[in-house]
Amino acid sequence: MASPPLQQSSFLLASLKADYLNKPFLQRCQDLVKVIDDYPAKELHLLFTWLVESVFGSLDGSIVGWNVRFVQARTNEYNTIVEFLDPSGPMMKLVYKLHAEEYKYDFPISYLPGPVRASVQEGVLPDCPLFHKLQFPPSGLLSLSLSLNPFEYYMFYFAASLIVQRSYLPGQHFSPSDSAYFVLVDGYLKYFLPTEGNVPPSLVPVVRGTVSPPPPRSPIVPFTGYGVHHTSLLKRHISHQPSMNADPAAQEIWRSETILQVFVEMWLHHYSLEMYQKMQCPQVKEPFCPTEDHVLVVRLLVKHLHSFSSSQRPELITSSPSAHSHTSPLEEFKRVVIPRFVQQKLYVFLQHCFGHWPLDASFRAVLETWLSYLQPWRYTPEKQSPHMDNQDRTVPDKWAAFVQENLLMYTKLFQGFLNRTIRTDLVNPKNALMVFRVAKVFAQPNLSEMIQKGEQLFLEPEHVLHHRQHRFLTPSLGGSFLSSRQPFITDSVFKVKSHVYSLEGQDCQYKQMFGAEVRNTVLRLSQLIAQAKQTAKSISDHSAEEAANQSFLSWFGFGSSDLNTSYVGNDIDYMGLDSIKKTDEYLDRTLDYICQIFKLNSAQLSQLMVSFVSTQDDGGSKQLPDCIQEANGLLLTDLGRLQMINGLRKFDIDYQGDPELQPIRSYESAVLVRLLYRLSSLINERFAAEMDSLCSRRGFSSRLARYFLTASSRAETSKRSPLTRRSLERQPQPRISLRYLGSYRTLFSIFLLYVIASFFGFGPVSFIFWGLLACFCHGVMTMFADKRKTH
């Protein structure tokens, strides 16, 4: 009886696959919309997995699909993709059709993030209810898969497509926040996690049960969760109500819980080896480095969750714990969404990024994600005056509990940011802007006092809490928010300690943000800021001086040819005078904010800065980096490396090898340089003994020969660049060097002199004679001048 529909579905799938290769994109989407509307769920069942993969690509990266992540608003396919995948669009209609018939689809655990995959293979079942739907094939644990309903399967694929490495066209400018994927994430969050009203009902009525119980576990593998498993309150809430009289929010909120669990588990569940050890998870290290668009999507999630949580009804926020049992599931979801879903995984995610992200301006995405989480008051329904600057906005007292319950987000990550900052180039305006942004956020009135209060609560003596609780409860690692709720805790000290110990372990050594060690680091940062300001001023003065010294002869290549003295440590190519002014402004305001945050004496800090700048003006800019003299030469210390990284000091690098083998410069003729090198090498090899004998004698002719034959091979013995003892002891060998004749400048000068000499009647022979005579006289005069200087 099932054979004709199966054959029809197979024919339909083959037809759609053929159209996928032959028809244009818009026509294919129109055909899919018609198929979804006209065909029943039985015939659409076999098309679903192919359609999801053709849209988002394969999870192994071999199939690109529609490349939703890189489709920009200016492209022709943008509107079609967004409309087709919209929360109320055709694709979601197909999902609801299949969900009504309780179809199941397998999602291999091999495509889950490394921590989840490793824990399942180790026999440790994650706390998230989505991972309780395991299927155990006969082939063993390596081919385990999750049995998911259509909505869960679609959302897993949608979330996984963000972390699968794909490429876009090389010449295409890609803006993550302008992509179709970014817009769809924003649309899904606003639709399924609404800040106003309830979640819209399904487009297709769900005839059967909305939530099916998890499949029975196999007795072969004794799974033990690393979180505490509870029965979902949502399931209990629905099961106690008749289906026809159930609250629509209670029927539909399972989608909100599912989409958030999928996003958090797929985007934030990436831990380093250290985090595994702290949380007693399987010690499997995953080489994970999130991309910039990944971090921007996480920031979008954080911002929306703040708005979603802040949209809770005011009377529920201040009500007693017993009142929460009578609230709707959506309001209950808003109350616990951040501490139960996001807090722990986001902390680990950001800590991993702070420790592994490159020291460049792309860190701005991570920084803004962190700052967005730290400021939930920016996403409340109450809008403050847009003309009021951020530092003039007082943080309301009601957010003190949030600051205390997220203490490590403020203190530990701030210390991580300090450690990054002292290793970055603060002369770069993009890096200076990041330091300014963090200082501006932490300088908001009341915020530093709230953080200090949280630290004081954490440092309360332990014996005060013994009569309340024998051990601190650790929040679950992302299970259903509607699990059995922990008792309402009124003790702020217990909340702060529970937060810190759950993230860092019972044996953590807490370092106070306002303690002496961090304060010394802040003073060191202030000194680096002063150094960066002085370096920026030197660059500005040097650029202005070079611009003023430009002359007409520079068009002929007569500019400075000293390639070793140009400053290249702070991206001069794009740093104009305006950028340097911005750097100076950012750093000035950063110092003001630092004084406000840490209650520093601005007068003493200014005096420290002035004394440092005066030291720099007395010759600090010409000092070498901090070094230690060893047997084999100079060795940079850690301070010297830091000075060179920030462009504060440098060696005036000189070429210490054979001058004849230097790279060919842009002002030299490659053909002439190579020919002249061969000619001079033949002469030096043929007459090496004669030249050495001539230079070893005494007398005027020998001194003159030494001047002309050893000047090109003399190595400077000054410490302009780090020299080894072997290079200092190297003795110059007499030889002829003709490389100077390969320079366009030399040739042009000779040509110009010959043109001038021809006006006075000099021919080629006489011109060569007088030129050689002039060189001889110049050598004699220079030799006597050097001798007189030596005496």
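Me: By class, how many nonpolar, polar and charged residues does the lining of the largest cavity have?

Reply: Seven are nonpolar, one is polar and three are charged. (Ala, Val, Leu, Ile, Met, Phe, Trp, Tyr, Cys and Pro count as nonpolar, Asp, Glu, Lys and Arg as charged, and the others, Gly among them, as polar.) Keep in mind that this is a predicted model, where local features need pLDDT of at least 70, side-chain atom pairs count only at pLDDT 80 or more, and totals for chains, interfaces and linings use all residues. Numbering starts from 1 along each chain as its sequence is written, and side-chain values use heavy atoms, leaving out hydrogens and water.

Me: Which residues line that largest cavity?

Reply: The general trick is to roll a probe the size of a water molecule over the atoms and see where empty space is left. Here, the lining is made of Leu16, Asp19, Tyr20, Arg28, Asp31, Leu32, Trp50, Leu51, Ser54, Val55 and Trp66. (A cavity is a set of points on a 1 Å grid over the protein atoms alone where a 1.4 Å probe fits but cannot get out; lining residues have an atom within 4 Å of a point.) Helices H1 (3-22), H2 (25-38) and H3 (41-56) each supply at least two lining residues, and H3 gives the most, with four. (Helices are DSSP runs of H or I with at least four residues, strands are E runs of at least two, and both are numbered from the N terminus.)

Me: How many cavities of 30 Å³ or more are there?

Reply: Nine, and the largest holds about 90 Å³ of space. (Points join across faces, edges and corners, and the volume is what probe spheres set on them fill.)

Me: In what order do the strands of the open sheet come?

Reply: Strands of a sheet pair through backbone hydrogen bonds, either parallel or antiparallel. In this sheet, three strands run S1-S3-S2, with antiparallel pairing. (Pairing takes at least two DSSP bridges.) S1 (105-108) and S2 (134-135) are at the edges with a single partner strand each, so one side of each has no neighbour in the sheet. Four bridges join S1 to S3 (residues 145-148), and phenylalanine 107 faces leucine 146 in S3.

Me: What joins S4 to S5?

Reply: A hairpin, through two residues. S4 (residues 627-630) and S5 (residues 633-636) pair antiparallel over four bridges, with glutamine 629 opposite leucine 634 in S5.

Me: Where in the chain is confidence lowest, and where highest?

Reply: Lowest is helix H9 (residues 233-239), at a mean of 35, and highest is helix H15 (residues 364-374), at 96. (pLDDT is the predictor's confidence in each residue, from 0 to 100.) The chain averages 76, and 69% of the residues score at least 70.

Conventions. 1 Å grid on protein atoms, 1.4 Å probe; cavity = no way out; pocket = protein on both sides within 12 Å on 5 of 7 lines; lining within 4 Å.
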